[in-house]
Amino acid sequence: MTPRTFPNKPNFRSRSEEAVFKALCDALSPDDVIICNFEFTDLNLGDVEIDFILLLKDMGIVIVEVKGGHISFDGEDWIQSDSKSSRVIHPATQAKRNMNTFREFLRNRWSQGNIKSDWIVCFPEIYRDWE
């Protein structure tokens, strides 16, 4: 059995998100939950979109940020490129900010105390030659 998902049939914004979703479904238990493309508004940051929120039984919450396409690291910055342009991205900063913002979102709506939480970044389309 696979974990519960919300929505039941998610619409993904990219092939990368769909690939990560499939991997999560294979890896997680039926007691876990995957929330896909969760959107909310924060008073300070405005609109926030989280690629995946994992609710892991007896463990807590993991915020997942997915970056697809051609990704490289030049020793200082992560760079995402497509046919139109290249741009510096800050996926770890985004994932951490999303985790903290979501924790604050929950704090205002949850009366059971603090929830353990962490974040990860996934680059599902990165390949490396391990020679």
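**View 1. Thr5 sits in strand E1.** This close-up comes from a predicted model. Thr5 is buried, because its relative accessible area of 11% is under the 20% limit. Beyond its neighbours within four places in sequence, Thr5 is in contact with three residues: Phe21, Cys25 and Ile34. Its side chain also has polar company. A polar atom of that side chain lies 3.4 Å from the backbone oxygen of Pro7. The backbone oxygen of Asn8 also lies 3.4 Å from a polar atom of the Thr5 side chain.

**View 2. Pro7 belongs to the loop between E1 and H1.** Is Pro7 buried or partly exposed? With a relative accessibility of 44%, Pro7 counts as partly exposed. Its backbone oxygen is the one that lies 3.4 Å from a polar atom of the Thr5 side chain. Pro7 also has a partner from further along the chain. The C-alpha atoms of Pro7 and Cys36 are separated by 6.8 Å. Along the chain, Pro7 and Cys36 are 29 residues apart.

**View 3. Arg13 and Glu39 form a salt bridge.** The closest N and O atoms of the pair are 2.4 Å apart. This bridge links distant parts of the chain, 26 residues apart. Glu39 is in strand E2, which covers residues 33–42. Arg13 is in the loop between strand E1 (4–6) and helix H1 (15–27). The two partners fall into separate exposure classes. Glu39 counts as exposed, at 51% relative accessibility. Arg13 is partly exposed, with a relative accessible area of 46%.

**View 4. Arg13 also meets Glu49 in a salt bridge.** Here the distance from N to O is 2.8 Å. Glu49 lies in strand E3 (residues 46–56) and Arg13 in the loop between E1 and H1, so this pair ties together parts that are 36 residues apart in sequence. Glu49 is partly exposed, with a relative accessible area of 22%. That value is over the 20% limit, so Glu49 does not count as buried.

**View 5. Glu18 and Lys22 form a salt bridge within helix H1.** Their closest N and O atoms are 3.7 Å apart. Why are the two separated by about one helical turn? Glu18 and Lys22 are four residues apart in helix H1, so about one turn separates them. Glu18 is partly exposed, at a relative accessible area of 35%. Elsewhere, salt bridges that share partners join Arg13, Glu39 and Glu49 into one network. How many salt bridges does the structure hold? There are six, including the Glu18 and Lys22 pair.

**View 6. Strands E6 and E7 form a hairpin.** Strand E6 covers residues 78–81, and strand E7 covers residues 86–89. The two strands run antiparallel. Four bridges join E6 to E7. Between the strands lie four residues. Which residue in E7 stands opposite Gln80? The residue is Arg87.

Terms used: Residues numbered from 1 in each chain as written. Predicted model: local features only at pLDDT ≥ 70, side-chain atom pairs only at ≥ 80, totals over all residues. Heavy atoms only, no water. Salt bridge = Lys/Arg side-chain N within 4 Å of Asp/Glu carboxyl O. Buried < 20%, exposed > 50% of the residue type's maximum accessible area, 1.4 Å probe, protein only. Pairing = 2+ DSSP bridges. Polar contact = N/O pair within 3.5 Å; in protein donor to acceptor, adjacent residues only side chain to side chain. Contact = heavy atoms within 4.5 Å.
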